[in-house]
Amino acid sequence: MRILVLGGTSFVGRAVVDDALRTGAKVTLFGRGRTGPELFPGMPRRIGDRDTGDYTALHEGSWDAVIDVSGYVPRHVRQAMEALGDRVGRYLFISSQAVYVRAGVEPGSDEDTPRRPPVRDTEELTEETYGPLKAACEDDVLARYGSRATIVRPGKVVGPHDVQDGLTYWVRRAARGGRVALPGRPEQPVQVIDSRDLARLVVQLLVDDRPGAFHAVGPAEPTTMADLINTCARVAGSQVEVVPVSAEAVPPFFPLIRPEAMWSTQQRSPSRARAAGMPATPLAVTVADVLAWDRERGEPPLGHGLSPEAEAKLLAGT
């Protein structure tokens with residue numbers, strides 16, 4: 001199978017390319033060539049820039065499928081489709097759980113959950129526009145490719161090479177042991193998907209030439225924040241005490257923390273994706289791999305979470 005990946009040297013795309021190569025696919029990368037240029041030596045690369053609309057490198061060639069990892073606004077998708085036309089068989093778009101409405105969602109919601117209204121009048125990515133922009137991208141892919149379109153909606157993706165620090169913060173914090181400040185409630189549900197499980201789903205959908213929309217959510221078993229922190233500690237061989245603190249005492253968008261009104265969005269059904277071949281890596285395996293990767297890279301400063309000093313000060317008041 002000949003696969004074109006639009007973006008594929010950062011995190012999700014990197015996992016997708018790894019899995020595609022495992023199946024024997026012939027992969028071509030399209031991107032600016034700035035991230036991970038040392039990865040995948042010898043792999044064909046087409047250099048372009050989605051932000052500036054430079055798709056000249058895609059005006060020749062054909063592929064059995066394209067995986068769009070880096071389409072965030074409708075213009076990205078429209079211009080890619082214009083450049084590729086019918087020289088691709090299937091167009092698989094990596095979307096997001098953020099496309100769904102946030103109110104009135106019950107635990108176990110599936111891919112037929114109502115979406116938020118698509119947005120096309122901005123390219124500014126914010127908490128409010130990200131999901132609606134992705135919804136507009138979905139619509140454009142479906143309108144152009146119809147039954148040759150596939151939509152994958154991941155939850156929070158985690159694993160080695162994660163640049164967003166969500167799970168990495170808790171892995172590193174639990175490894176230190178002691179009293180751990182949790183800005184929220186221990187029973188909060190949490191859904192994280194191992195990047196390699198997401199990649200396996202994406203590639204299998206292409207192998208099977210399967211249309212439709214699919215939730216990419218995990219882990220293998222229902223998990224709470226307390227479960228996650230304790231799993232991180234167990235993997236690292238440390239002892240922790242989870243101490244709930246006020247969410248108002250920490251910066252917004254704290255790693256993996258969600259307000260109670262959004263808890264049901266962390267309980268979506270993975271049934272359709274599992275039936276299509278998505279694996280379910282145990283959380284402990286993902287945690288162990290993140291811990292090893294983070295230590296190997298020297299545990300650089302994280303962009304989110306609490307510093308040890310800030311956490312100690314917060315815990316002193318409990």
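Start by selecting Arg144 and Tyr145: in this predicted model, Arg144 lies over the face of the Tyr145 ring, 4.8 Å from the ring centre.

Next, turn to the rings that pair with each other. There are six aromatic pairs to look for. For one of them, select Tyr72 and Tyr130: their centres are 6.4 Å apart and their planes meet at 40°, which makes the pair tilted. Now colour by secondary structure. Tyr72 sits in the loop between strand S4 (63-68) and helix H2 (74-84), while Tyr130 belongs to helix H3 (residues 130-145), so this pair ties together parts that are 58 residues apart in sequence. Switch on the surface, too: Tyr72 is partly exposed, at 31% relative accessible area, and Tyr130 is also partly exposed, at 27%.

Now jump to Tyr169 and Phe254. Here the ring centres are 5.5 Å apart and the planes are at 85°, so you're looking at an edge-to-face pair. Tyr169 is in helix H4 (residues 166-176) and Phe254 is in the loop between strand S11 (240-245) and helix H7 (271-275), so the pair links parts 85 residues apart in sequence. Are these two buried or exposed? Tyr169 is buried, with 4% relative accessibility, and Phe254 is buried as well, with 5%. Add Trp170 to your selection, and you have one aromatic cluster made of Tyr169, Trp170 and Phe254.

Last stop: Glu311, in helix H9 (residues 308-316). Glu311 has 2% relative accessibility, so it counts as buried. Show what surrounds it: leaving out residues up to four places away in sequence, Glu311 touches Arg173, Arg176, Arg179, Val180, Ala181 and Leu306.

Note on methods
Residues are numbered from 1 along each chain as its sequence is written. This is a predicted model: local features need pLDDT of at least 70, side-chain atom pairs count only at pLDDT 80 or more; totals for chains, interfaces and linings use all residues. Side-chain values use heavy atoms; hydrogens and water are left out. Helices (H or I, at least four residues) and strands (E, at least two) are DSSP runs, numbered from the N terminus. Buried means under 20% relative accessible area, exposed over 50%, partly exposed in between (1.4 Å probe, protein chains only). Contact means heavy atoms within 4.5 Å. Rings of Phe, Tyr and Trp (its six-membered ring) pair if their centres lie within 6.5 Å; planes under 30 degrees apart count as stacked, over 60 as edge-to-face and the rest as tilted. A charge sits over a ring if NZ of Lys or CZ of Arg is within 6 Å of the ring centre and within 35 degrees of the ring normal.
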